[in-house]
Amino acid sequence: MYMREAIALAKKGWGKTGINPFVGTVIVKDNKIVGRGFHRKIGEAHAEVCALIDAGKKAEGATLYVNLEPCCTKGYTPPCVEAIQNTKIKRVVIGMTDPNPSVNGKGINYLLQHNITITQNVLTKESEELNFMYKKYITKKNPYVILKIATSTDWKISDFKGKYITSEPSRRFVHSLRSQVSAIMVGINTILKDNPYLTDRLVGRHNPARVVIDPHLRIPLNTNFFDKNARRIIVTSEHNNPQKIEMLIGLGIEVMTFCGDYFPIEEVIKKLGNLDIGSILVEGGAILFSQILIKKLYDELYIFVSPEIAGGGLSIEEEISKELNLQDFKLSKIGEDSLYHVYRNN
């Protein structure tokens with residue numbers, strides 16, 4: 001029961017912790033919760049410290065429940081294990097070991113060496129499901145990649161005459177996905193044709209960073225991409241207009257440059273990871289979809305298929321039929337649409 005409360009608290013940090021994990025903590029004494037905390041944002045206090053502050057003097061002799069092993073390294077904040085020791089917590093109950101190679105059991109050993117009782121593997125499955133994106137990033141040093149494709153029944157992904165091809169429940173689901181990731185990535189043609197907001201406005205939890213791959217720096221300055229409610233990153237060629245690049249930087253835009261006009265998508269993803277982007281939702285367009293499908297760079301794939309027939313527009317049928325066997329996918333209904341979903345590494 002107390003670990004479920006810790007996991008529920010951890011989820012409040014969804015999308016806001018950057019490359020850090022989702023962590024929640026409750027402190028229990030005499031069968032009552034005396035302190036609660038969760039990691040709110042990268043750079044701010046960790047869940048354990050927040051809960052210890054909330055508990056105050058009641059933390060002495062209490063039990064601390066946390067879904068992830070307390071850290072023993074100094075980053076933006078001091079090690080949590082020291083705070084736990086200093087407040088004289090008697091017992092720590094842990095959902096899962098931290099996969100971070102710098103921690104991975106060392107936090108537990110520190111607590112044991114300081115005579116703090118440890119109980120491990122409580123709701124481990126639920127704890128691991130909460131931090132699967134973090135695990136990929138912290139062990140592979142590469143962002144977790146979700147590929148989302150929305151098509152008509154005839155596999156077209158464009159020219160919908162200004163209307164949404166999928167139903168509102170599907171769009172709300174996608175906005176929920178947006179709120180959980182560090183960044184949304186699209187190609188320049190998606191910006192030019194659709195001028196998307198790339199926000200989670202139907203959910204209202206968190207607007208991730210926006211990334212556009214724009215080899216020739218064609219992006220107009222009046223697009224919704226430039227709204228200041230999120231981090232903005234443009235991937236372009238180093239040979240483009242230096243004055244425009246300098247102006248964009250002056251506007252607070254991060255510019256990632258490559259040599260030439262072709263950027264290997266795996267290198268783009270890796271460099272985004274170096275910019276503290278731990279997870280990416282790829283939403284368009286056809287060129288980006290094809291590269292990620294062919295190179296199998298996605299960790300998770302969602303295909304939303306509307307019952308409508310588009311007729312014209314770009315088709316992704318060849319890529320789908322060549323790279324994917326939809327019979328292997330989990331099929332469900334969402335609103336009026338069909339949804340195919342698969343984890344590539346499962």
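For sorting lining residues by class, Ala, Val, Leu, Ile, Met, Phe, Trp, Tyr, Cys and Pro count as nonpolar, Asp, Glu, Lys and Arg as charged, and the others, Gly among them, as polar. By that scheme, the lining of the largest cavity has eight nonpolar, nine polar and one charged residues. The model is a predicted one, in which local features need pLDDT of at least 70 and side-chain atom pairs count only at pLDDT 80 or more, while totals for chains, interfaces and linings use all residues. Residues are numbered from 1 along each chain as its sequence is written, and side-chain values use heavy atoms, with hydrogens and water left out.

Cavities and pockets were traced on a 1 Å grid over the protein atoms alone: a cavity is a set of points where a 1.4 Å probe fits but cannot get out, a pocket is an open set with protein on both sides within 12 Å along at least five of seven lines, and lining residues have an atom within 4 Å of a point. Grid points are joined across faces, edges and corners, and a volume is the space filled by probe spheres set on the points. The structure holds one cavity of 30 Å³ or more, and the space in the largest cavity comes to about 140 Å³. Its lining takes in 18 residues, with Gly18, Asn20, Phe22, Met133 and Ser279 nearest the centre. Helices (H or I, at least four residues) and strands (E, at least two) are DSSP runs, numbered from the N terminus. Among such elements, α6 gives the most to this cavity's lining, with three residues.

Turning to the pockets, the largest has a volume of about 1,300 Å³. As many as 47 residues line the largest pocket, and Ile157, Thr190, Asp194, Glu283 and Gly284 lie nearest its centre. Two or more lining residues come from each of β6, α7 (168–180), α8 (188–194), β11 (279–284) and α11 (286–294). The class split for this pocket is 23 nonpolar, twelve polar and twelve charged residues. In α11, the buried residues are Leu288, Phe289, Ser290, Gln291, Ile292 and Leu293, where buried means under 20% relative accessible area, exposed over 50%, and partly exposed in between (1.4 Å probe, protein chains only). Just past the end of α11, Lys296 takes a positive phi of about 50°.

The second largest pocket has a volume of about 770 Å³. Its lining is made of 27 residues, and those nearest the centre are Glu128, Glu129, Phe132, Tyr144 and Tyr343. At least two residues each are supplied by α5 (124–130), α6, β6, α7 and β12 (300–305), and α6 again turns up as the main contributor, with six. Sorted by class, the lining of the second largest pocket holds twelve nonpolar, six polar and nine charged residues.

Aromatic contacts come next. Rings of Phe, Tyr and Trp (its six-membered ring) pair if their centres lie within 6.5 Å, with planes under 30 degrees apart counted as stacked, over 60 as edge-to-face and the rest as tilted. Nine such pairs are found in the structure. Phe132 and Tyr144 make an edge-to-face pair, 5.1 Å centre to centre with 75° between the planes. Phe132 sits in helix α6 (residues 132–140) and Tyr144 in strand β6 (residues 144–151), so their pairing ties together parts that are twelve residues apart in sequence. Phe132 counts as partly exposed at 29% relative accessibility, whereas Tyr144 is buried at 5%. Tyr302 and Phe304, on the other hand, are stacked, at 6.3 Å centre to centre and 20° between the planes. Tyr302 is buried at 7% relative accessible area, and Phe304 is buried too, at 1%. Together with Phe173, Tyr302 and Phe304 form one aromatic cluster.

Charges also meet rings, a charge sitting over a ring if NZ of Lys or CZ of Arg is within 6 Å of the ring centre and within 35 degrees of the ring normal. Arg171 lies over the face of Tyr164, 4.2 Å from the ring centre. The charged end of Lys271 is placed over the ring of Phe258, 4.6 Å from its centre.

Strands pair if DSSP finds at least two bridges between them. Strands β1 (residues 24–29) and β2 (residues 32–38) run antiparallel and are joined by six bridges, with Gly24 opposite Phe38 in β2. The two form a hairpin with two residues between them, and Asp30 in the turn has a positive phi of about 55°.
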